[in-house]
Amino acid sequence: MRRRFRRLLAAVSVAAAAAVATPVAAAAPAAGASSETATPLARPGFRMPFLCGQVWRGNNWAGHSPAHSIDWNHYNAQGTPDDLGRRVLASAGGTVVASYYSTGDGYGNTVVIAHGDGWRTRYAHLKERTVARGAQVTRGQVIGKVGATSAIHEFTPHLHYEQIHNGSVVVAVVQGVRWYDHLDRRLTSTNC
């Protein structure tokens, strides 16, 4: 009886391990299938929106609006912020669906990129925008420069960054790091 139980337990363990280790592929919609019935695609592999090799501090602080957004800052060798004018890159390829100066929500110069399957990224407070609505961008393409623009707030230069899915700002995943609320850490860009 014990031997049979051990063999059964071993077989169940092997089956469970295989199920966990097997990657789940996301299906693309079949020709003619509606997007509501298609299996959703995975989140794009978002990279940091900065030049490869640069180290930036990402902060999702308590009370940040909207929740789940990240403020990015860069520091020089002496520990002094030196963000202003640094290049901002698309963290994934897609289509620019908005490039504007906002006067009502505090975003200032803003670029929004659609990445497909309901995924978007927003880059705000830019000193300048270098892409227009309708432009196709590739991951790593320059879309603007870090600034401190806002029609209603005064703050130091930084990049305000959001990942949006189906219209809602979600907890960001950047280069495999899940940016839970109140996370404050440094990360090196692999947006090469």
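In this report, contact means that heavy atoms lie within 4.5 Å of one another. The model is predicted, and local features need pLDDT of at least 70, side-chain atom pairs count only at pLDDT 80 or more, while totals for chains, interfaces and linings use all residues. Residues are numbered from 1 along each chain as its sequence is written, and side-chain values use heavy atoms, with hydrogens and water left out.

**The chain as a whole**

The secondary structure of the protein chain comes to one helix and 14 strands, where helices (H or I, at least four residues) and strands (E, at least two) are DSSP runs numbered from the N terminus. Of the 192 residues of the protein chain, 37% count as buried; buried means under 20% relative accessible area, exposed means over 50%, and partly exposed lies in between (1.4 Å probe, protein chains only). Among the contacts in the protein chain with a separation of 6 or more, 61% come from residues 24 or more positions apart.

**The loop between β1 and β2**

The loop between β1 (55-59) and β2 (70-73) holds P66, and the peptide bond leading from S65 to P66 is cis, with omega near -5 degrees. S69 is also placed in the loop between β1 and β2, and it counts as buried because its relative accessibility is 0%. The side chain of S69 reaches the backbone oxygen of P66 at 2.6 Å, which is a polar contact, that is, a pair of N or O atoms within 3.5 Å; within protein, one must be able to donate a hydrogen and the other to accept it, and residues adjacent in sequence count only if both atoms are side-chain atoms. Not counting residues up to four places away in sequence, S69 touches N59, N60, H64, H160, Y161, E162 and V169.

**The largest pocket**

A pocket is found on a 1 Å grid over the protein atoms alone, as an open set of points with protein on both sides within 12 Å along at least five of seven lines, and its lining residues have an atom within 4 Å of a point. The largest pocket has a volume of about 230 Å³. It is lined by 13 residues, of which S65, H125, H153, F155 and H160 lie nearest its centre.

**Two residues with positive phi**

Neither residue in this table is a glycine.

| Residue | Phi | Loop | Relative accessibility |
|---|---|---|---|
| D117 | near 55 degrees | between β5 (108-116) and β6 (119-126) | 34%, partly exposed |
| N166 | about 50 degrees | between β10 (159-165) and β11 (168-170) | 59%, exposed |

**Links between distant positions**

A disulfide is a pair of cysteine sulfur atoms within 2.5 Å, and by this rule the count comes to one. C52 and C192 form the disulfide, with their sulfur atoms 1.7 Å apart. This pair links distant parts of the chain, 140 residues apart, with C52 in the loop between α1 (2-21) and β1 and C192 in the segment after β14 (184-188). C52 counts as partly exposed because its relative accessibility is 40%, whereas C192 is exposed, with a relative accessible area of 62%.

V177 is in strand β13 (residues 177-179), and it counts as buried because its relative accessibility is 15%. Leaving aside neighbours within four places in sequence, V177 is in contact with A172, L183, R185 and L187. V177 and F46 are 131 residues apart in sequence, and 9.9 Å apart in space from C-alpha to C-alpha.

Terms used: 1 Å grid on protein atoms, 1.4 Å probe; cavity = no way out; pocket = protein on both sides within 12 Å on 5 of 7 lines; lining within 4 Å. Points joined across faces, edges and corners; volume = space filled by probe spheres on them.
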